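Here are some exercises to work through with the model open beside you. Try each task before you read its solution.

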Amino acid sequence: MIRFTDVSMQYGDGNEALRKINLYIEQGAMVYVTGRSGAGKSSLLRLIALIERHKRGQIIVNGQNLERVTGRRIPLFRRNIGFMFQDHRLLYDRTVFDNIALPLVIAGHRYQEIRKRVHAALDKVSLLNKEKVSPIALSGGEQQRVGIARAVVHRPALILADEPTGNLDPALSWDIMKLFEQFNQVGVTVLIASHDLDMIKKMNKSIITLREGKLLTHIGLTINE
Amino acid sequence: MNKRTTSQNNGLNLKRVFKVWLMQHAQACIYSIGQIFKSPVNSLLTTAVVGISLALPSGFYLLLDNCQRVAAGWDNSTQISLFLKLNIDEERALSLADEIRLFEGIASVDYISRDVALEEYRQKSGFGDAISALQENPLPSILLIHPRIRSLSSQDSEKLMQQLRALPEVDTAQFDRQWIQRLFAIIDIVQHVVIILSILLAIAVLLIVGNTIRLAIYNRRTEIEVNKLFGATEAFIQRPFLYSGLFHGIGGGLIAWCLLSLSLLMLKAPVLRLAELYSSDFSLHGLSYTGLLLLIATGASLGLVGSWVSVQRHIKAIEPN
């Protein structure tokens with residue numbers, strides 16, 4: 001599903017965020033990317049989402065070499081990914097329903113189809129009764145669940161979540177992680193960046209550890225280089 | 001993911017693509033109308049400025065148009081009166097008229113014999129009895145020359161006058177309406193001023209719409225970022241802003257039309273009074289339907305171009321992070 005070969009990445013200011021990363025995540029896996037702040041967790045996800053571009057090495061996502069995904073192909077590539085952020089990035093000038101419908105509207109689905117799918121997504125995150133309210137009226141945990149619903153509503157093959165539980169208490173975080181697990185169980189590949197090691201260990205999934213831009217462990221294997 | 005992408009691509013026939021395209025246009029259109037009504041004061045201000053900017057040159061144009069309508073009536077009345085010497089008889093006068101007809105820039109030449117002139121004078125002057133007392137007709141015969149004024153520059157007309165004065169049969173030559181030529185020259189200048197003004201105000205409209213759209217883009221930054229993250233194409237993101245520019249332009253055109261109609265309404269009575277004083281049946285000519293359409297089309301295209309420039313410059317700069 002995702003393969004990194006000798007991938008290095010630099011930010012514009014010369015700061016090297018990732019160094020010679022080699023990793024492989026198979027289709028249908030649920031993998032945590034962990035490490036301290038600044039270890040390169042977000043950068044890894046941003047490369048996959050084409051928010052940043054890598055300088056050296058090769059990234060294959062879902063059979064596509066990312067070097068060749070440019071210009072007009074970027075939007076189409078992104079439609080197969082569901083995004084989730086620590087800061088929700090919900091749009092507060094529209095209802096929960098409209099927020100979740102966004103990926104479907106972008107893809108040009110008809111209203112009947114959109115309504116059906118949004119309701120299904122809301123049902124999965126147990127927010128069916130909140131579809132008409134503004135996200136601003138929801139609690140942090142509820143907003144995060146709206147974010148999840150938006151990330152899965154267009155049935156992406158891959159979900160990228162950057163610190164999805166960063167602001168939540170342990171009980172709520174656990175619920176969110178369990179939700180991701182449910183989506184993973186129906187075949188979606190899930191990649192979650194998180195520094196919450198205790199919870200990650202409890203989830204008992206594959207873990208990729210980064211330190212200062214280098215790969216420390218890769219799915220149970222320690223990398224010695 | 002791969003499998004689904006290809007099966008989707010296979011299923012995408014042209015008809016569906018067109019349907020989606022149409023639907024997304026409708027969505028963007030409705031959405032941008034919603035955005036306009038969400039900040040009605042701002043939208044109205046922009047539209048009003050566009051309207052005034054369009055109304056000014058259109059108003060000048062109407063003024064000019066009406067001036068030309070009035071002056072068109074005077075064009076024909078411009079004439080040169082050629083008073084012939086008293087010893088010139090009718091036969092000689094008529095052949096002279098034929099000669100003059102061949103001159104350059106002459107539209108027509110009319111001959112007024114001494115008798116006719118006297119008769120006319122007798123009727124119009126009210127000195128009928130006094131004239132009857134005269135033994136001899138004191139009036140010369142006259143050739144009324146109508147030059148083609150538009151093709152006549154002041155130099156040309158001066159040359160023509162000299163030519164006419166030099167004729168041995170001519171006593172005096174009078175150019176009756178030199179001032180009308182000056183008026184036409186002034187109208188010509190004003191015409192150029194209106195063109196310059198129109199260009200400047202068109203640029204102003206572009207800047208105003210462009211700035212409004214720039215602010216709208218800035219305000220919707222988060223939305224644009226999220227849209228891009230979930231795979232929105234540039235066209236999808238640009239559409240609502242382009243529609244918004246278009247609507248500002250159309251609204252501006254309509255406001256300009258309202259302003260012009262209102263101004264004409266206010267001017268109607270005084271102009272009518274003035275026309276009566278000149279015993280003329282002149283009335284103000286308003287904007288024709290073609291003019292109205294042209295006004296709205298101009299507004300629409302300026303709005304669209306203004307927002308397009310803004311969109312090209314500012315949306316590309318916004319990338320998700």
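**Exercise 1.** Find which residues Ala149(A) is in contact with, leaving aside its neighbours within four places in sequence.

*Solution.* Keep in mind that this is a predicted model. Start at Ala149(A) and take C-beta atoms within 7 Å as the test for a contact. Setting aside the neighbours within four places in sequence, Ala149(A) touches Ile100(A), Ala121(A), Leu122(A), Lys124(A), Val125(A) and Leu127(A).

Next, place Ala149(A) in its wider setting. Together with Val33(A), Ile100(A), Ile159(A), Leu160(A) and Leu191(A), Ala149(A) is among the residues with the most contacts inside the largest nonpolar core, which has 71 residues. The element that gives the most to this core is helix H3 of chain A (residues 96-107), with seven residues. Apart from this core lies another, of 26 residues, including Val50(B), Leu62(B), Val205(B) and Ala256(B).

**Exercise 2.** Work out how many residues of each chain take part in the contact between chain A and chain B, and which element of chain A gives the largest share.

*Solution.* First, count both sides: 18 residues of chain A meet 19 residues of chain B. Then look for elements of chain A that give two or more residues to its side, and you find helix H2 (73-78) and H3. Of the elements on that side, H3(A) has the largest share, four residues. Finally, sort the chain A side by character: 11 residues are nonpolar, four are polar and three are charged.

**Exercise 3.** Explain why one side of S2 and of S5 in chain A is left without a neighbour in the sheet.

*Solution.* Begin with the strand order, S2-S1-S4-S5 in chain A, an open sheet of four strands with antiparallel pairing. Strands S2 (16-25) and S5 (64-65) of chain A stand at the edges and each has a single partner strand, so one side of each lacks a neighbour in the sheet. Now take the S5 edge: S4(A), residues 56-61, pairs with S5(A) in the antiparallel sense over two bridges. Within S5(A), Gln64(A) is the bridge partner of Val61(A).

**Exercise 4.** Decide whether helix H1 of chain A (residues 41-48) is mostly covered or mostly exposed.

*Solution.* Go through the helix residue by residue. Lys41(A), Ser42(A), Ser43(A), Leu44(A), Leu45(A), Arg46(A), Leu47(A) and Ile48(A) are buried. That is eight of eight residues, and H1(A) is mostly covered. Following H1(A) comes Leu50(A), with a positive phi near 65°.

**Exercise 5.** Give the domains of chain B and the distance between their C-alpha centres.

*Solution.* Chain B is divided into domain 1 (2-73 + 182-314) and domain 2 (79-176). The C-alpha centres of these two domains of chain B are 56 Å apart.

Note on methods:
Residues numbered from 1 in each chain as written. Chains lettered and ligands numbered in written order. Predicted model: local features only at pLDDT ≥ 70, side-chain atom pairs only at ≥ 80, totals over all residues. Core = buried A, V, L, I, M, F, W, Y, C linked by C-beta atoms within 7 Å. Buried ≥ 20, exposed ≤ 12 C-beta atoms within 10 Å, placed from the backbone. Contact = placed C-beta atoms within 7 Å. Nonpolar A, V, L, I, M, F, W, Y, C, P; charged D, E, K, R; others polar. Pairing = 2+ DSSP bridges. Domains from an automatic or database assignment.
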